[in-house]
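Work through these exercises with the sequence and the 3D view open. Try each task before you read its solution.

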Amino acid sequence: MNMHDRVKPISYMKAHIAELIRQLGEGAPPLIVTQNGEAKAVLQDIGSYEQTQETLALLKLIALGRDDMAQGRTVPVEGLADRIRSRA
């Protein structure tokens, strides 16, 4: 299905919300909702939303790790086991 087919005015959404929710639950791609010809919202199923949020959280962790590496806030892995044992 073409993304162009997934752009609908809010009036369409109001009139067909039950069908749209059913389609989303069956795996349909997100729906872009327009108001006065301008994109205003995206409607997607909860599973896709949760996956998006998890992906964003992982990307944030990667960015933080890269920042730590760039700032020199890292410790070499060599000798890690010895450092852990010495703390116990």
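The exercises below go from the sheet to the core and then to a loop.

This is a predicted model, where local features need pLDDT of at least 70, side-chain atom pairs count only at pLDDT 80 or more, and totals for chains, interfaces and linings use all residues. Residues are numbered from 1 along each chain as its sequence is written, and side-chain values use heavy atoms, with hydrogens and water left out.

**Exercise 1. The sheet**

Find the order of the strands in the sheet and name its edge strands.

Solution.
- Start with the elements: helices (H or I, at least four residues) and strands (E, at least two) are DSSP runs, numbered from the N terminus.
- Two strands pair if DSSP finds at least two bridges between them.
- The open sheet has 3 strands in the order β1-β2-β3, with mixed pairing.
- Its edge strands, β1 (7-9) and β3 (38-43), each pair on one side only.
- On average, neighbouring strands are turned by 35° against each other, direction ignored.
- Look at β1 and β2: they run parallel and are joined by 3 bridges.
- Strands of a sheet pair through backbone hydrogen bonds, either parallel or antiparallel.

**Exercise 2. One residue in the sheet**

Is T34 buried or exposed? Which residues does T34 contact?

Solution.
- Locate T34 in strand β2.
- Its bridge partner is P9.
- Apply the cut-offs: buried means under 20% relative accessible area, exposed over 50%, partly exposed in between (1.4 Å probe, protein chains only).
- T34 has a relative accessible area of 13%, so T34 is buried.
- Contact means heavy atoms within 4.5 Å.
- Leave aside neighbours within four places in sequence: T34 then contacts V7, K8, P9, I10, A39 and K40.

**Exercise 3. The core**

Which residues make up the largest nonpolar core?

Solution.
- Such a core is a set of buried Ala, Val, Leu, Ile, Met, Phe, Trp, Tyr and Cys residues joined through side-chain atoms within 4.5 Å.
- The largest one has 6 residues: M13, L20, L24, L31, V33 and L43.
- α1 (10-25) and β2 (31-35) each supply at least two of them.
- α1 gives the largest share, 3 residues.
- Zoom in on L20: not counting residues up to four places away in sequence, L20 touches Y12, M13 and L31.

**Exercise 4. A loop residue**

Where is G27, and how far is its C-alpha atom from that of D45?

Solution.
- G27 sits in the loop between α1 and β2.
- Its relative accessibility is 59%, so G27 counts as exposed.
- G27 and D45 are 18 residues apart along the chain, and their C-alpha atoms are separated by 8.0 Å.

Conventions
Axes fitted to C-alpha atoms, helices over the stretch in contact; angles between N-to-C directions.
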